[in-house]
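Student: I would like to learn how to read a protein model feature by feature. Could you take me through one slowly?

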Amino acid sequence: VIKCKAAVAWEAGKPLSLEEVEVAPPKAHEVRIKIVATAVCHTDAYTLSGADPEGCFPVILGHEGAGIVESVGEGVTKVKPGDTVIPLYIPQCGECKFCKNPKTNLCQKIRITQGKGLMPDGTSRFTCKGKQIYHFMGTSTFSEYTVVADISVAKIDAAAPLDKVCLLGCGISTGYGAAVNTAKVEPGSTCAVFGLGGVGLAVIMGCKIAGASRIIGIDLNKDKYAKAKDFGATECISPQDFKKPIQEVLVEMTDGGVDYSFECIGNVGVMRAALEACHKGWGVSVIVGVAAAGQEISTRPFQLVTGRTWKGTAFGGWKSVDNVPKLVTDYMSKKIKVDEFVTHTLPFDKINEAFELMHTGK
């Protein structure tokens, strides 16, 4: 058993608490990882807020991490102690019908136990002050050591800087893949990206790499426009600057609508606007943001009858074990940006400050 520091969420709506936790050794087909770097994501904040129907407490959050394998349980063949890895919140077992189907990346092998905050055998590897602590998204990167299923880990280039490539565990991969895998943006096309946070910037990067000729960024926070343009946005607009709905503005700006739109916020009203901003006959709108529990999307069916397509994406459609190492290689060879997404680097004990910076859009 390893004793180490972890940021524990004891209950919903309260700041994280830095505690000493015990991390049990990995069982069969499990891997214990020394986490070197982790990022914070709105999904962590969503669960911490209490709005997540799958949220269990007390829990160790975090799902954008990178580290070194410390030990492995019996039967683990893909990684060994000392390997550099990224934990994966969407695993890839290679055996279930989802993994065998090229149309999806949603491996279901450990979905039920992962959703309950437990390892595949139905137990936890974390304890603190004599209490069992739940796992989060199968990763729990807000701990100096964590245990994950062996199908939830990608071995990556040992030379990669872990304080950067940890971002490929969620946000950058999600936005980039939404553009290149889910939408399959084509050269010369026109795109609109709603929400210019980390995921939105990654979508812009994907649209640019795919050859889009016009990329319109949409956000209420104008402080985000300069960065969006650095990533490839050709122009940025705020819905507050117009008297009419933003979808009407976009349809007018683009002679009938955009070829591809992306919702990167998790707001069902914006999801509707993103679909309705698409061009009749061929426009495709991709939902990337995660809406709160119980919310529903709506539009007039005529929008779809007249040739628009509504899609969604999880982790950018990447088959995780196969593709995360390739994304790291693409970063190392400067095909995709990662460093530019990092605004602040803080010590682990300032994790609550990191959440505050995220909430204020900084």
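**Reading the model step by step**

Tutor: Residues 28–156 are 13% helix and 30% strand, and the C-alpha atoms at the two ends of this span lie 22 Å apart. In the UniProt record, an unreviewed entry, this stretch carries the annotation "domain: Alcohol dehydrogenase-like N-terminal". Please keep in mind throughout that the model is a predicted one.

Student: Which residues does UniProt place under the feature "domain: Alcohol dehydrogenase-like C-terminal"?

Tutor: The record, again an unreviewed entry, places that feature at residues 198–326. Over residues 198–326 the chain is 36% helix and 16% strand, with 20 Å between the end C-alpha atoms.

Student: How should I look for empty space in the structure, and how many cavities of 30 Å³ or more does a search of the whole structure find?

Tutor: The general idea is that rolling a probe the size of a water molecule over the atoms shows where empty space is left. Here the search of the whole structure finds one cavity of 30 Å³ or more, and about 60 Å³ of space lies in the largest cavity. Its lining includes Ile110, Leu118, Met119, His135 and Ser152, while α3 (111–115) and β9 (145–149) each supply at least two of the lining residues. Sorted by class, the lining of this cavity has six nonpolar, five polar and no charged residues.

Student: What can be said about the second largest pocket, and which residues lie nearest its centre?

Tutor: The second largest pocket holds about 340 Å³ of space. Its lining is made up of 20 residues, and those nearest the centre are His29, Lys78, Gln92, Asp150 and Ile151. Both β10 (153–155) and α11 (320–332) supply at least two residues of the lining, and the largest share, three residues, comes from β10. By class, the lining of the second largest pocket has 11 nonpolar, four polar and five charged residues.

Student: How do I read a pair of aromatic rings, and how many such pairs does a search of the whole structure find?

Tutor: A pair of aromatic rings is described by the distance of the centres and the angle of the planes. A search of the whole structure finds four aromatic pairs. One of them is formed by Tyr89 and Phe315, whose centres are 5.5 Å apart and whose planes make an angle of 75°, an edge-to-face arrangement. This pair links distant parts of the chain, 226 residues apart, with Tyr89 in the loop between β6 (84–87) and α2 (97–100) and Phe315 in the loop between β16 (309–312) and α11.

Student: Why does Tyr89 count as buried?

Tutor: Buried means under 20% relative accessible area, and Tyr89 counts as buried because its relative accessibility is 15%. Phe315 is buried too, with a relative accessible area of 2%. Another pair, Phe231 and Phe341, is tilted, with 4.6 Å from centre to centre and 55° between the planes. Here too distant parts of the chain are linked, since Phe231 is in helix α7 (residues 225–231) and Phe341 is in the loop between α11 and α12 (351–359), 110 residues apart. Phe231 and Phe341 are both buried, and Lys337 lies over the face of Phe231, at 5.0 Å from the ring centre.

Student: What should I look for in the backbone, and which residue follows Phe57 across a cis peptide bond?

Tutor: As a rule, most residues other than glycine have a negative phi, and most peptide bonds are trans. In this model the peptide bond from Phe57 to Pro58 is cis, with omega near -5°, and Pro58 sits in the loop between α1 (42–49) and β4 (59–60). His29 is not a glycine, yet has a positive phi of about 60°; His29 belongs to the loop between β2 (17–23) and β3 (30–39). Asp255 also has a positive phi, near 55°, and lies in the loop between α8 (246–253) and β14 (260–263).

Student: Is Asp255 buried or exposed?

Tutor: Asp255 is exposed, because its relative accessible area is 68%, whereas His29, at 43% relative accessibility, counts as partly exposed.

Methods
Residues are numbered from 1 along each chain as its sequence is written. This is a predicted model: local features need pLDDT of at least 70, side-chain atom pairs count only at pLDDT 80 or more; totals for chains, interfaces and linings use all residues. Side-chain values use heavy atoms; hydrogens and water are left out. On a 1 Å grid over the protein atoms alone, a cavity is a set of points where a 1.4 Å probe fits but cannot get out, and a pocket is an open set with protein on both sides within 12 Å along at least five of seven lines; lining residues have an atom within 4 Å of a point. Grid points are joined across faces, edges and corners, and a volume is the space filled by probe spheres set on the points. Helices (H or I, at least four residues) and strands (E, at least two) are DSSP runs, numbered from the N terminus. Ala, Val, Leu, Ile, Met, Phe, Trp, Tyr, Cys and Pro count as nonpolar, Asp, Glu, Lys and Arg as charged, and the others, Gly among them, as polar. UniProt positions are given in the numbering used here, feature names are shortened, and annotations may be inferred rather than shown by experiment. Rings of Phe, Tyr and Trp (its six-membered ring) pair if their centres lie within 6.5 Å; planes under 30 degrees apart count as stacked, over 60 as edge-to-face and the rest as tilted. Buried means under 20% relative accessible area, exposed over 50%, partly exposed in between (1.4 Å probe, protein chains only). A charge sits over a ring if NZ of Lys or CZ of Arg is within 6 Å of the ring centre and within 35 degrees of the ring normal.
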